[in-house]
Amino acid sequence: MVKFKDDNFLELIKGGGISFLLKGMGMIIGYLVMIFITNKYGANGYGEYTLLLTVLGIVMVFSKFGMDISIVRVLAEIKLTSNKRDIIKVLIRILIISIAIGGIVTVFLLMIPHKIVKVVFKDNLSVWNLKQLSYLVIPSTLILLIAGYFQAYKKTTPFILFNAILINIFLLLILFFFELIDFDKKPIFLYSVAVYLTFFIAVITFLLDVYKRKYSENQRELKKYKTPEILNLSFPMLLAGSFVLFINWSDIIMLSFFFEEKHIGIYNASQRLADISGIALFAVNAIATPKFVEFFSRRDMNGLERTVVKSTKLILIISLPIILILVVFPKTILRINGAEFVSGYLALIFLCVGKFFNSIAGSVGYILQMTNNQKIFRNVMVFAALLNVMLNFLLIPKFNYNGAALASMITVITWNVILIFVIKKRLGFWTFYNPYRDISSFLKRYK
C-alpha cells in the first residue's frame, strides 16, 4: 500500500475538506435566503436586494483598503518569529487604519446621499437604503478582517463562519421569524440586523483567541510593519481587489443602467448558482494561502510549486462535477427559483465556463499577492476590468443578461491565461494541474 508522506498535501486535503463542507453549507443557506426572498418579494424585490448588497460590496472595497488580504500575508509571515506584544501591535495598527478609513467612507455616504442616488444610480436606489448601508460599512469591514486573522492562523472554521456563513444563517432565521409573526420589513433591514449580530460574535471570538493563543517567545521580528509599511503593502491589494470585485459587480451595475430590476434578479440567480462551482477554489484557498506565504518566506520554491500544483488538482477534482451538473441541467435547477428565472439558463452556462477556467488556473491571484507580486496582479486586474466594461457596453444592450454573462466569461478566461504565464515567468512554474504527470508517476511506481 502506498502511504502519503506529504504532510502539506494532507493538510490541504484536511483543511480544504473542512472548508469545502462549511462553504457548501454557507452556499446552501445563501441559496435558501435567495429562494425565500424571491418567493416573498419576487424578482423585483430580489433585484433591489441584490443591487443594495452590490453597492455595499463596492463601498467596502475602499474601507477594507486591501487589509483583509494583507493581514493574512503579514500574520502568516511574522507569527513564527514574533512574540505576542509585536503581533498585537500589528493587529492594533491594522484595526485602527480600517476603522478610520471606514469612518471616512461612512461620513461621505451620509453627507451626500441624495447626489449619489441621483447621479450614480439614477434614482433606482432610495436615500433611506443608502443610509442604511452606510451604517454597515465599519462592522462588515471588521468582520472580514477578523476572518483574515483566523485564516492566517489556519483556523478554518471561524474563518469560513465569519467570511461566508454566519450573516446568512442569522438572515435566514430572521426571515423565518418575521414571517411567522407576520411582520413585514425590507430584506436590507433584516440583513443589517444579521450583520450586527455577526459582528458582535466575531469581536468576542477574536478577543478570546488573541488572549488564549500561545505565541513565540522569540524577540526577533522579520519586519516591523509600521503603519506606512502596512498601507504600502495593502494599497496594491486594494486596487487589485477593487477591480476583481468591480468585474463581478459591474455586470449588475450596468444591467441596472439598461434594464429593470427583474432582469438583475434573473441574472443574479444564475450568478449565484455558478458560484457554487467556486466552492472548491474558496475552500482550498482558505488553507493554502498562508502556506504560500510560509514557503515563499523560506525561499522554498520547490515546496511552493508542489503546494500550488496540488492545490489546483484539488480545486479541479472538486469543482468539475458541480460545473457539469449545472451545465447539463441549467433549466431544471433554475426553475427552483420560479418559472421566470428559467430564461437565465444560457447566462448560467456562460458563467460556468468561466468558473471552469478559474479551476484549471488555480489560485493565481493569491499566489501573486502572497509572493510580493501584488503590483503585477493589480495591473492585470485593471486591464481585465477595462475589458469587462467594454464587453458589457457592447453585449448587454443587445443580449441583456446573457451578454453580461458572456462578457464575464471572456474576461475570466483572459485574466487567468495572463496570470498563468506571469507566474511561470516570475516564479518559474506552471500553476495548472497536469494529470499526465500523476499517471506517469503511478505507472512508474508499480512497474
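Asp 68 is buried, at a relative accessible area of 18%. Buried here means under 20% relative accessible area, exposed over 50%, and partly exposed in between, with a 1.4 Å probe and protein chains only. Its partner Lys 64 is also buried, at 11%. The two side chains form a salt bridge, 3.4 Å from N to O.

The model is predicted: local features need pLDDT of at least 70, side-chain atom pairs count only at pLDDT 80 or more, and totals for chains, interfaces and linings use all residues. Residues are numbered from 1 along each chain as its sequence is written, and side-chain values use heavy atoms, without hydrogens or water.

**Salt bridges**

The whole structure holds four salt bridges. The criterion is a side-chain nitrogen of Lys or Arg within 4 Å of a carboxyl oxygen of Asp or Glu. Three of them, including the pair above, are tabulated.

| Acid | Base | N to O distance |
|---|---|---|
| Asp 68 | Lys 64 | 3.4 Å |
| Asp 209 | Lys 155 | 2.8 Å |
| Asp 275 | Lys 355 | 3.0 Å |

Asp 275 sits in helix H10 (residues 261–275) and Lys 355 in helix H14 (residues 345–361), so this pair links distant parts of the chain, 80 residues apart. Both ends are partly exposed: Asp 275 at 31%, Lys 355 at 23%. Asp 209, by contrast, is buried at 9%, while Lys 155 is partly exposed at 32%.

**Helix H8**

Asp 209 is one of the buried residues of H8; others include Tyr 191, Ala 194 and Thr 198. The 26 residues of H8 should span 38 Å, and the end C-alpha atoms are 38 Å apart, which agrees. The expected span is 1.5 Å times one less than the number of residues.

Thr 198 lies in H8 (residues 187–212). Its relative accessibility is 0%, so Thr 198 counts as buried. A polar atom of its side chain lies 2.9 Å from the backbone oxygen of Ala 194. Beyond neighbours within four places in sequence, Thr 198 contacts Ile 143, Phe 162, Leu 166, Ile 167 and Phe 170. Contact means heavy atoms within 4.5 Å.

**Whole chain**

The chain has 17 helices and zero strands. These are DSSP runs numbered from the N terminus: helices (H or I) of at least four residues, strands (E) of at least two. Of the 447 residues, 56% are buried.

The largest nonpolar core has 136 residues, with Tyr 149, Tyr 191 and Tyr 267 making the most contacts inside it. Helix H1 (residues 7–64) gives the most to this core, 18 residues. Such a core joins buried Ala, Val, Leu, Ile, Met, Phe, Trp, Tyr and Cys residues through side-chain atoms within 4.5 Å.

Terms used
A polar contact is a pair of N or O atoms within 3.5 Å; within protein, one must be able to donate a hydrogen and the other to accept it, and residues adjacent in sequence count only if both atoms are side-chain atoms.
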